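Let's take a walk through this structure together, beginning with its covalent links and ending with its charged pairs. Keep the 3D view open as you read.

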Amino acid sequence: MPKYYEDKEEDGRACGGVREDLRQCLLESPCVLQENKSPKQCLREGHCRSLQMTFFACKRSMVSVCGVFSAGSLD
């Protein structure tokens with residue numbers, strides 16, 4: 001269950017709530033707790049995949065394709 005809507009400190013970064021949920025999911029996963037692997041390694045193995053995809057979609061929505069192309073035409 002996502003917890004980004006609950007009382008948390010604001011970190012001011014884009015998609016901070018989803019980032020925190022992904023971090024917490026990885027730290028609480030059996031991969032980290034029982035197999036003693038790093039969160040990065042567990043993420044590569046596919047743990048917490050739905051939160052990873054949500055975080056990716058959130059970050060991707062922050063980038064405006066129109067803004068990227070128009071920034072080069074400021075001559």
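About the S-S bond of Cys 25 and Cys 48 the torsion is about -90 degrees, so this disulfide is left-handed. Cys 25 belongs to helix α1, while Cys 48 sits in the loop between α3 (39–44) and α4, so the bond ties together parts that are 23 residues apart in sequence. The two sulfur atoms lie 2.0 Å from each other. Please bear in mind that you are looking at a predicted model. The two partners are not covered alike: Cys 25 is partly exposed, with a relative accessible area of 26%, whereas Cys 48 counts as buried at 14%.

How many disulfides does the structure hold? There are three. Another of them pairs Cys 31 with Cys 42, with 2.0 Å between their sulfur atoms. Here Cys 31 comes from helix α2 (residues 30–33) and Cys 42 from helix α3, so the link ties together parts that are eleven residues apart in sequence. Both of these cysteines are buried, and with -90 degrees about the S-S bond, their link is left-handed.

The remaining pair to visit is Cys 15 and Cys 58, joined with an S to S distance of 1.8 Å. This disulfide links distant parts of the chain: Cys 15 is in the segment before α1 and Cys 58 is in helix α4 (residues 49–61), 43 residues apart. The torsion about the S-S bond of Cys 15 and Cys 58 is -95 degrees, and their link is left-handed. Cys 15 has a relative accessible area of 10%, so this residue is buried. Counting the bonded cysteines along the chain, the disulfides follow the pattern 1-6, 2-5, 3-4.

Now step back to the chain as a whole. Its secondary structure comes to five helices and zero strands, which gives the order α-α-α-α-α from the N terminus on. Of the 75 residues, 17% count as buried. The chain exposes about 6,000 Å², and carbon and sulfur atoms supply 56% of that area. Among contacts with a separation of 6 or more, 38% are between residues 24 or more positions apart.

Let's finish with the charged side chains. Side chains of opposite charge can pair when their charged atoms come close. The count here comes to three salt bridges. One of them joins Arg 23 to Glu 20, with 3.1 Å between the closest N and O atoms. Why are these two residues separated by about one helical turn? Because Arg 23 and Glu 20 are three residues apart in helix α1 (residues 16–27). Arg 23 is partly exposed at 42% relative accessible area, and Glu 20 is partly exposed at 24%.

Which residues are linked in a network of salt bridges? They are Glu 35, Lys 37 and Glu 45. Lys 37 takes part in both pairings, with closest N and O atoms 3.2 Å apart for Glu 35 and 2.9 Å apart for Glu 45. Lys 37 is partly exposed, with a relative accessible area of 25%. Its partners also count as partly exposed, Glu 35 at 45% and Glu 45 at 40%.

How values were computed:
Residues numbered from 1 in each chain as written. Predicted model: local features only at pLDDT ≥ 70, side-chain atom pairs only at ≥ 80, totals over all residues. Heavy atoms only, no water. Helix = DSSP H or I, 4+ residues; strand = E, 2+ residues; numbered from the N terminus. Buried < 20%, exposed > 50% of the residue type's maximum accessible area, 1.4 Å probe, protein only. Contact = heavy atoms within 4.5 Å. Areas by Shrake-Rupley, 256 points an atom, 1.4 Å probe, with all protein chains shown as cover. Salt bridge = Lys/Arg side-chain N within 4 Å of Asp/Glu carboxyl O. Disulfide = S-S within 2.5 Å.
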